[in-house]
Amino acid sequence: MKTTQDLLAAADKRRLKILVIGDILRDVYLTGSVKRISPEAPIPIFVREKEEMFPGGAGNVACQFHHWNAEIVLLGFVDRRTALLLRTCNVDIDSTACVPLCTGSNPVKYRFMSEGRILFREDVEYPRYGQTDFAALHCRLVPKFQEVLQTRPDIVLLSDYRKGAFEEETARCFIDSCRAKDIPTVVNYKSGPLSWWNWADFMQMNKDAATAVAEGPGQSRFDNPAWPRLVVTHGGLGYSLGNFEEPPRIYPARTAIEPANIVGAGDCFLAHLGLALGHGFSLSEAAEIAYQAGRAYVRGSMNRPVLPNEVLAETCPQDAKIAGAETIRHILNARRAGSKIVFTNGVFDLLHPGHLHL
């Protein structure tokens with residue numbers, strides 16, 4: 001059974017090329033305080049103090065590879081503000097296959113937060129990205145996809161948020177073209193016709209989506225030979241593999257953690273599932289690593305790329321403290337970028353004047 005240590009070793013030896021296709025969103029966090037009720041209506045008054053913005057959806061998936069040895073190509077629709085955001089988050093838009101939006105904007109999810117909790121969410125969605133001729137966007141998307149496919153990516157991840165990046169014809173084109181070149185595909189499924197994703201290699205969905213599929217008319221069985229191999233996520237409890245109709249066996253049998261933030265956890269799971277599968281790991285091995293990555297992800301605040309050592313720490317906290325070649329490579333890259341590197345050593349279980357001085 002291959003583990004996170006094996007993935008770290010594989011990533012250190014080989015640089016994967018990963019194509020991420022899907023709906024690129026913007027996640028905006030508005031942090032503030034609520035200390036009084038409005039005299040105009042029985043509603044709380046939210047006083048905004050800080051605003052932070054991160055890539056969401058397929059953009060968040062692409063960001064998850066920042067600390068891994070992988071070349072990422074992101075394919076989707078972006079407006080100018082989203083393109084700038086992706087560049088800020090170290091996603092190289094200039095070398096990706098994104099299609100610029102001439103009108104309209106990417107969907108935005110505003111989350112109003114106070115004391116670390118989400119009070120409510122506002123979704124600003126421009127139907128079909130505000131385009132009067134949305135089909136024209138897909139006509140530009142498919143040639144870019146075919147161009148990238150000629151470079152032979154190791155794996156293709158399809159992140160479907162049902163915001164317009166996929167339609168039946170384009171979904172079938174992506175899957176069939178990858179299958180013809182023997183390039184594995186992983187789909188993050190939200191809703192809609194499963195037939196769009198026939199002959200994809202793997203599919204990830206959460207338990208609510210899986211329940212809806214199992215109870216839906218004409219979709220109550222997962223024995224269609226054209227359907228992908230299935231991974232169902234059960235939040236912090238774990239994941240199950242294969243048929244969801246029967247009582248699922250949830251792996252692993254571990255205690256669920258209290259998450260600090262679950263926004264984008266599915267994106268993190270998809271990214272690490274694809275990373276492990278791209279390195280030739282089995283589905284069960286890849287799902288276990290993706291679950292560990294998801295646990296590390298939800299411990300932090302807001303969208304962020306998970307560090308490899310964070311994933312390793314979920315199962316091997318002792319090994320995670322050892323700086324290997326990959327960690328050293330990141331340190332050297334940070335130094336070249338002008339960052340200041342600080343190294344501390346010693347036992348900090350007790351404080352003495354030396355600790356305080358440091």
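Which residues make a nonpolar surface patch of about 240 Å²? I opened the notebook with this point, working from a predicted model.

**Entry 1: surface patch**

I found that the patch is made by Val34, Leu119 and Phe120. I then looked up Leu119 and placed this residue in strand β8. Its relative accessibility is 42%, so I recorded Leu119 as partly exposed.

**Entry 2: the nonpolar cores**

I turned next to the interior. In soluble globular proteins, nonpolar side chains tend to be buried together. The largest nonpolar core here has 45 residues, and I noted Ile18, Val20, Phe65, Leu74, Leu157, Val186 and Leu273 as the members that touch the most other members. I listed the elements that each supply at least two residues of this core: α1 (4-13), β1 (16-22), α2 (58-63), β4 (70-75), α3 (80-88), β9, α7 and α8 (283-299). Helix α7 gives the most to this core, with 7 residues.

I followed Leu273 further. Leaving aside residues up to four places away in sequence, Leu273 touches Val186, Gln204, Leu283, Ala286, Ala287 and Ala290. Apart from the largest core I recorded another, of 38 residues, which includes Phe145, Leu158, Trp196 and Trp227.

**Entry 3: His272**

Is His272 buried or exposed? I found a relative accessible area of 1%, and His272 is therefore buried. The residue is located in helix α7, which spans residues 265-278. I checked the side chain for a polar partner: one of its polar atoms lies 2.9 Å from the backbone oxygen of Cys268. Beyond four places in sequence, His272 touches Gln64, Trp68, Ala290, Ala293, Val306 and Val311. I noted that Ala290 is among the contacts of His272 and also among those of Leu273.

**Entry 4: salt bridges**

Side chains of opposite charge can pair when their charged atoms come close. How many salt bridges does the count come to? I recorded 13 salt bridges, and I examined individual pairs in turn.

I took Arg111 and Asp27 to begin with; their side chains meet in a salt bridge at 3.1 Å, N to O. Arg111 lies in strand β7 (residues 108-114) and Asp27 in strand β2 (residues 24-37), so this pair ties together parts that are 84 residues apart in sequence. I noted that both Arg111 and Asp27 are buried.

I then looked at Glu52 and Lys50, whose side chains meet in a salt bridge at 3.7 Å, N to O. With a relative accessible area of 24%, Glu52 is partly exposed. Lys50 is also partly exposed, with a relative accessible area of 44%.

Glu125 and Lys163 were my next pair: they form a salt bridge in which the closest N and O atoms are 2.4 Å apart. Glu125 lies in the loop between β8 (117-124) and α4 (134-149), and Lys163 in the loop between β9 (155-159) and α5 (168-180), so the pair ties together parts that are 38 residues apart in sequence. I found Glu125 to be partly exposed, at 40% relative accessibility. Lys163, at 19% relative accessibility, counts as buried because the limit for that class is under 20%.

I closed the entry with a network: salt bridges that share partners join Arg295, Arg299 and Glu314.

Key: Residues numbered from 1 in each chain as written. Predicted model: local features only at pLDDT ≥ 70, side-chain atom pairs only at ≥ 80, totals over all residues. Heavy atoms only, no water. Helix = DSSP H or I, 4+ residues; strand = E, 2+ residues; numbered from the N terminus. Buried < 20%, exposed > 50% of the residue type's maximum accessible area, 1.4 Å probe, protein only. Polar contact = N/O pair within 3.5 Å; in protein donor to acceptor, adjacent residues only side chain to side chain. Contact = heavy atoms within 4.5 Å. Salt bridge = Lys/Arg side-chain N within 4 Å of Asp/Glu carboxyl O. Core = buried A, V, L, I, M, F, W, Y, C linked by side-chain atoms within 4.5 Å. Patch = residues over 30% accessible without salt bridge, like charges linked within 9 Å, V, L, I, M, F, W, Y side chains within 5 Å. Areas by Shrake-Rupley, 256 points an atom, 1.4 Å probe, with all protein chains shown as cover.
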